[in-house]
Amino acid sequence: MVLEDFPEIAEIPDPELRTKTIEAWTYSLCCSGFERLSDIPPHGNPGSPVLKRGTQAVHVRGVFRYANAIAREFQAAYPAIAIDWGILLAGAACHDVGKPYEFDPDNRRRWETSPAQSGSPTFRHSVFGMHVCLTVGLPDEVAHIAVGHSFEGNHTGVSSECMIVRQADHGWWQVAATLGLVEADTAGGLGANLTMRPLRSN
Ligand SMILES: [Fe+2]
């Protein structure tokens with residue numbers, strides 16, 4: 001089911017990284033009430049930003065392809081650069097692997113009703129994603145992308161592969177917002193001067 005919802009995982013060149021990426025999504029979904037990636041709502045964080053259409057699978061597949069495109073562009077323009085393609089693509093595939101936990105309805109209820117007891121959230125998806133990556137035996141460098149692609153990366157030096165995924169992820173949301181794909185009242189954090197274009201009706 002993971003590969004059905006996220007077929008780009010098959011493009012990860014290293015067989016062990018590829019298998020463990022599938023295990024990471026499988027384990028993470030099993031820690032939640034969601035059966036599959038395409039059951040998770042298409043939000044950046046719960047409630048903000050909110051994508052008007054599609055599922056979480058649309059976002060993670062888009063970031064995977066976007067990160068791949070950014071890296072290919074630089075590799076073509078500057079062949080001397082060194083990119084670890086296995087780490088980059090496994091990291092792009094796993095950057096939001098913690099979202100089943102952060103979006104899980106039972107967890108959200110727990111955090112709404114007793115935040116003083118549990119925290120709210122107990123862990124953001126980036127931190128839970130790091131835990132998932134390490135639990136299934138993915139390398140530190142992939143776990144680093146899961147935790148560093150989001151706010152947590154503002155407080156550390158991030159790897160080149162993590163920077164590519166951060167830019168792909170943040171850029172994906174900013175472009176989606178300006179094209180009118182994000183609910184306007186949830187797009188505040190995506191850029192101060194975003195002009196939202198209305199969607200066509202078809
Ligand atoms: Fe993301």
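So, helices H4 and H9: H9 covers residues 140-148, and the two pack at an angle of about 40°, with their axes 8 Å apart. That makes H4 and H9 oblique to each other. As for handedness, H4 passes H9 in a right-handed crossing. If you want to find the contact on screen, look on the H4 side for Ile 87, Ala 90, Gly 91 and Cys 94. Across from them, H9 brings Glu 141, Val 142, Ile 145 and Ala 146. And please keep in mind that this is a predicted model.

There's a second helix pair to show you. Helix H2, residues 15-30, and helix H8, residues 125-135, have axes that come within 9 Å, and they cross at roughly 125°. So H2 and H8 are oblique to each other too, and H2 passes H8 in a right-handed crossing. From H2, the residues making the contact are Ala 24, Tyr 27 and Ser 28. From H8, they are Phe 128, His 131, Val 132 and Thr 135.

Let me stay with Phe 128 for a moment, since we've just met it in helix H8. Is Phe 128 buried or exposed? It's buried, because its relative accessible area is 8%, and the cut-off for buried is under 20%. Apart from residues within four places in sequence, Phe 128 is in contact with Ser 28, Cys 31, Gly 98, Tyr 101 and Phe 123. Ser 28 you've already heard about, as part of the H2 side of that helix contact. For a sense of distance, take Ser 38, which is 90 residues from Phe 128 along the chain: their C-alpha atoms are separated by 19 Å.

Okay, on to the metal. Which protein residues are donors to the iron ion? They are His 59 and His 95, each through NE2, plus Asp 96 and Asp 169, each through an OD atom, and they lie 2.1 to 2.2 Å from the iron. If you like to read sites off the sequence, the donor spacing is H-x35-H-D-x72-D. Asp 96 sits in the loop between helix H4 (85-94) and helix H5 (99-103), while Asp 169 is in helix H10, residues 160-178, so the pair ties together parts that are 73 residues apart in sequence. Both Asp 96 and Asp 169 are buried.

Now, the geometry. Why is the arrangement around the iron ion called irregular? The four donor atoms subtend angles of 84 to 175°. To count as tetrahedral, four donors would need all their angles between 85 and 135 degrees, so with that range the arrangement comes out irregular.

Next, His 43, which lies in strand E1, residues 43-45. His 43 is buried, because its relative accessible area is 17%. Setting aside residues within four places in sequence, His 43 is in contact with Pro 49, Val 50, Leu 51, Gln 56, Lys 99, Phe 103 and Trp 173.

One of those contacts, Pro 49, takes me to the last topic, cis peptide bonds. Pro 49 is in strand E2, residues 48-50, and the peptide bond from Ser 48 to Pro 49 is cis, with omega near -15°. Where's Pro 121? Pro 121 is in the loop between helix H7 (115-118) and H8. A cis peptide bond joins Ser 120 to Pro 121, with omega at about -5°.

Definitions and conventions:
Residues numbered from 1 in each chain as written. Predicted model: local features only at pLDDT ≥ 70, side-chain atom pairs only at ≥ 80, totals over all residues. Heavy atoms only, no water. Helix = DSSP H or I, 4+ residues; strand = E, 2+ residues; numbered from the N terminus. Buried < 20%, exposed > 50% of the residue type's maximum accessible area, 1.4 Å probe, protein only. Contact = heavy atoms within 4.5 Å. Donors = N, O, S within 2.8 Å, 3.2 Å for Na, K, Ca; no water. Tetrahedral: all angles 85-135°; square planar, octahedral: opposite > 155°, others 65-115°. Axes fitted to C-alpha atoms, helices over the stretch in contact; angles between N-to-C directions. Parallel < 35°, antiparallel > 145°, perpendicular 65-115°, else oblique. Left-handed = near helix turned anticlockwise from the far one by under 90°.
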